[in-house]
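Welcome! Please take a moment with the sequence and the model below, and then let us walk through some of the parts together.

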There are 2 protein chains.
Amino acid sequence: MVRLKMKTKDKHIQNLAEIVGGAHSILYQKEDLIAYDCDGFTLHKHLPKAVVFPKDTKEVAKLAKYCSENGLPFLARGAGTGLSGGAIPVNGEVIISLVRMKRLLSVDLENRRAVVEPGFVNLKLTNSISDKGYYYAPDPSSQYCCTIGGNVAENAGGAHCLKYGVTTNHILGLEVVLPNGEIIEIGQNGIPDAPGYDLLGLLTGSEGTLGIVTKITVRILKNPEAKQTVLAYFDHVSDGSQAVSDIISKGIVPAALEMMDKTAIEGVEAAAFPVGHPKDIEALLLIEVDGISAGIEEQINEILEVCKSRNVRQVKVAENEQERARWWANRKTGFGAMGAISPDYLVQDGVIPRSKLPEVLNRINEISNDYQLRIANIFHAGDGNLHPLVLFDARIPGETEKALKAGSACLQACADAGGSITGEHGVGIEKREEMRFIFKDEEIIAQTDIREVFNPHNLLNGGKLFPSPGRCVEIKKEIKAAAGS
Amino acid sequence: MVRLKMKTKDKHIQNLAEIVGGAHSILYQKEDLIAYDCDGFTLHKHLPKAVVFPKDTKEVAKLAKYCSENGLPFLARGAGTGLSGGAIPVNGEVIISLVRMKRLLSVDLENRRAVVEPGFVNLKLTNSISDKGYYYAPDPSSQYCCTIGGNVAENAGGAHCLKYGVTTNHILGLEVVLPNGEIIEIGQNGIPDAPGYDLLGLLTGSEGTLGIVTKITVRILKNPEAKQTVLAYFDHVSDGSQAVSDIISKGIVPAALEMMDKTAIEGVEAAAFPVGHPKDIEALLLIEVDGISAGIEEQINEILEVCKSRNVRQVKVAENEQERARWWANRKTGFGAMGAISPDYLVQDGVIPRSKLPEVLNRINEISNDYQLRIANIFHAGDGNLHPLVLFDARIPGETEKALKAGSACLQACADAGGSITGEHGVGIEKREEMRFIFKDEEIIAQTDIREVFNPHNLLNGGKLFPSPGRCVEIKKEIKAAAGS
């Protein structure tokens, strides 16, 4: 092996560089690594050992094999927009960046499928096929830059997942590099509901802990013939929540049914895409219906009726695509908009049964008072996926910790309401301990046992997704001892 | 332990009887066991060691633990309607029949959920909630008698799965008894997309090889406001197939889009629910659209236009619910109807990309000629889920084997077309070897490794779902040896 000209004598870094074809495809100096010390969850920072940029599946497989054989922790990274810290190198991992693997490999309109590399940006898929009348449904707010590989890892959602489902509902096949470097294909040729165990579902949303996805077959959808969007302002959160329930119970399935509370509205109106929402309302709903043209008008009329019966202050239908796009830009940049009214903010992500909306929003209000921190709510009301945004100032000593505790209390409130601690952002390192709110030790063990099958030494993205072992390890020992006796 | 008065000295049978509360809850004499020697797949028959009827989860857990500790093979059985032999006791299993666990435990209309025991019959759920305006979507043709527990094991589908998805899309939570007797809950409180690995997806469709489901939280849906059903007769299969593609590419998502070919029509017209289909047509389509009233009429008109443009001989819309119900009874009893034109028949179940419909139907025709056996086709055309029905006469020596080979050839044709070997009936014992048509050895190993986590000694429903090990075992040894070196 020819030694490369590199500013390091680290044998592993030299060898990793060789695998990816040279020194131009690896970062290893501190000033370069700093950009990779966190992802969209910025409250923990750790430097990676190196960042490598493979160009194809074979290189990924070689990198995985090399890391496994040499006991080097490693993890895969897409665009780094994840909100729960899933791509943070907490163990000084070698980061395998997939941004060079960004091709759209094929589009099969007749069978409604496309094949992409993991580094392909979400929105680019829709942009590539929209002129032919098709689109890719999962639309996380970061879709203009996040990658489909990352979406698979986190099982990403988005505003339109109420009607169309989250990422897992749109993945038909995966090529996966296992930690030992083996390459497997799952979801045979994009045929869903394949026989055998549902490995496709298992891998999707496994947060990069079971394997590295190197090729993805996704379902694409025909553009809906028509779309209409409604904006409704309410003086009381309870009226807005009740309108949400009423719409759903009429049998209407909106493509999206979003809610923002007063603090959130203050933020989005102070940021880049204000639309002139009144500042004294307590809640707004953004409701979109789509489908074939026939019937859209009637659905919109029913929605307007519901809003009126729930004391809406004002309600309007988008007059054209420009107005609709403006409303969505205002909503979709909502998290970032909090920066306009607070130095720092923590995004949370809980799920509750829709009927518990008023109760849990009250509880979040109490938490806000308890911790003396403002909490804004921007969320997917239609499917009960809350996003409390805890506003704080990291410069004030102790306030970051207070924000984290308030965020955790919000998740506890969701769990207490019969809900879950994440709808679409994943667990990552952020919510590991909160997994205990909803899982018993035995249920965590069942999952880490599965991880062991794929990732036996936990070298691939270790320390993510599950709480620190502790009690689980003890229980496992007891089970083994009992089995042996 | 008090010995029970039983006509056996078998210690295990005595002990199993004690667990389920006495001799009235166990069958162990040959004349009783014969009824359990097969399920809906009747070409293999094996006697179980015993059949036990637990009344609750605790008893199931005790039975599992007892069997595991004593090395007794065991399996769970619902109504025994499965079509791939998943409940056949090929190893002389103890059958745990779940028919006594048949309660509807709760219904939560507001959050659209119901909780049932595994022995609860599919159609009973819809019947229990239809007066309140709700229903349960997965509708296998056996729904009047099959159980939801069995539906979970097989990830059952049905005619209306085109729009509404198969069983896995409607399961929100499971209580599961693991082979060692441990009880776990997955899919926290019915919240879908829970964090951690997707155990819910993994268990659903695992064909009873990972655990025994003892409680099921399902999604229920609001009755569509309106429904309309179209029946269309074609002189050429290719026109019918093309109409299917045209409808889908118009952006219409029918609730169901079924096709029958000439031989199938001959069968259903000779059986219990004839509707007077002309006998000289080559294909019929049964198309149903549902949703809110607004727009249904326009969709129907578009469908009628498509049919006309594809040379339909005759097309009609059901005039009332009676006519619609008659058409569906004719379709849903279609498999059994083959008994009217053939002494025996073998149901196959392959999936293909929709665009390959004409090509694969041609190939099936060739297979029919090759084996000199008639093959009828009744199938879910909208989602490419074929059901070739191989007609044969078991009394003719060698014809059963010929039928099995022809069935296997049909599956090979599906796999060759980029499809899969089962859409909704499962692999069971019937299609174990055909798994090799679509999976590489490594991919089978990844799955059997997962089975090992849950079912380490393969005592629970062993010998199902995967091909006989052979080459896989060798590969695994090589991998282990290489890892050790």
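In chain B, strand S16 (residues 344–347) and S20(B) are paired in the antiparallel sense, with 4 bridges between them. One spot to look for is Val347(B), which stands opposite Leu389(B) in S20(B). Before going further, please keep in mind that this is a predicted model.

S20(B) also pairs with strand S18 (residues 375–380) of chain B, in the antiparallel sense and over 3 bridges. Here Asn377(B) is the residue that stands opposite Pro388(B) in S20(B). As a general background, strands of a sheet pair through backbone hydrogen bonds, either parallel or antiparallel.

How many residues of strand S20 (residues 388–392) of chain B are buried? The count is 5 of the 5, so the strand is largely enclosed by the rest of the structure. Both of its faces are covered: on one side sit Pro388(B), Val390(B) and Phe392(B), on the other Leu389(B) and Leu391(B), and all are buried.

**A helix in chain B**

Helix H8 (residues 237–249) of chain B is made of 13 residues. From its first C-alpha to its last it reaches 19 Å, close to the 18 Å expected at 1.5 Å a residue. Buried residues in H8(B) include Asp239(B), Gly240(B), Ser241(B), Ala243(B) and Val244(B). Farther along H8(B), Ser245(B), Asp246(B), Ile247(B) and Ile248(B) are buried too.

What covers these residues? The cover includes three strands of chain B, namely S12 (226–234), S13 (256–261) and S14 (283–291), along with helix H10 (296–309) and helix H13 (357–371) of chain B. After H8(B) comes Gly251(B), whose phi is positive, near 90°.

**An open sheet in chain A**

Now let us turn to chain A, where 5 strands form an open sheet in the order S5-S6-S10-S8-S9, with antiparallel pairing. The edges are held by strand S5 (104–108) and strand S9 (183–186) of chain A; each has a single partner strand, so one side of each is left without a neighbour in the sheet. On average, neighbouring strands of this sheet are turned by 10° against each other, direction ignored.

To see one pairing in detail, find strand S8 (residues 171–177) of chain A, which is joined to S9(A) by 4 bridges, the two running antiparallel. Within this pairing, Glu175(A) has Glu185(A) in S9(A) as its bridge partner.

Helices pack here as well. Helix H3 (residues 57–69) of chain A packs on the sheet, where it touches S8, S9 and strand S10 (212–219) of chain A, and its direction makes about 50° with that of S8(A). Helix H4 (residues 122–129) of chain A lies across S5, strand S6 (113–116) and S10 of chain A, and it runs at about 45° to S5(A).

**Salt bridges**

Across all chains, a search of the whole structure finds 44 salt bridges. Here are three of them.

| Salt bridge | Closest N to O distance |
|---|---|
| Asp290(A) and Lys163(A) | 2.7 Å |
| Arg436(A) and Asp441(A) | 3.3 Å |
| Lys132(B) and Asp131(B) | 3.9 Å |

Asp290(A) lies in strand S14 (residues 283–291) of chain A and Lys163(A) in helix H6 (residues 161–164) of chain A, so their pair ties together parts that are 127 residues apart in sequence. Asp290(A) is buried, at 5% relative accessible area, whereas Lys163(A) is partly exposed at 31%.

In the second pair, Arg436(A) counts as partly exposed with 32% relative accessibility, and Asp441(A) counts as buried with 17%. In the third, Lys132(B) is partly exposed at 47%, while Asp131(B) is exposed at 64%. Elsewhere, a network of salt bridges links Asp235(A), Asp280(A) and Arg313(A).

**A buried threonine**

Helix H9 (residues 262–270) of chain A holds Thr263(A). Is Thr263(A) buried or exposed? At 14% relative accessibility, it counts as buried. Leaving out residues up to four places away in sequence, Thr263(A) touches Ile341(A), Arg374(A), Ile375(A), Ala376(A) and Leu391(A).

**How the two chains relate**

Finally, step back to view both chains. Chain A is superposed on chain B by a rotation of 180° with 0.0 Å of shift along its axis, at an RMSD of 0.0 Å. The two copies are therefore related as by a two-fold rotation axis. In chain A, the C-alpha nearest the axis belongs to Gly295(A), 2.1 Å from it. Of the interface residues of chain A, 100% are also interface residues in chain B, so the copies meet through the same surface.

Conventions:
Residues are numbered from 1 along each chain as its sequence is written. Chains are lettered from A and ligands numbered from 1 in the order in which they are written. This is a predicted model: local features need pLDDT of at least 70, side-chain atom pairs count only at pLDDT 80 or more; totals for chains, interfaces and linings use all residues. Side-chain values use heavy atoms; hydrogens and water are left out. Two strands pair if DSSP finds at least two bridges between them. Axes are lines fitted to C-alpha atoms, for helices over the stretch in contact, and angles run from 0 to 180 degrees between N-to-C directions. Contact means heavy atoms within 4.5 Å. The expected span of a helix is 1.5 Å times one less than its number of residues. Buried means under 20% relative accessible area, exposed over 50%, partly exposed in between (1.4 Å probe, protein chains only). Copies are superposed by least squares on the C-alpha atoms of residues with pLDDT of at least 70 in both. A salt bridge is a side-chain nitrogen of Lys or Arg within 4 Å of a carboxyl oxygen of Asp or Glu.
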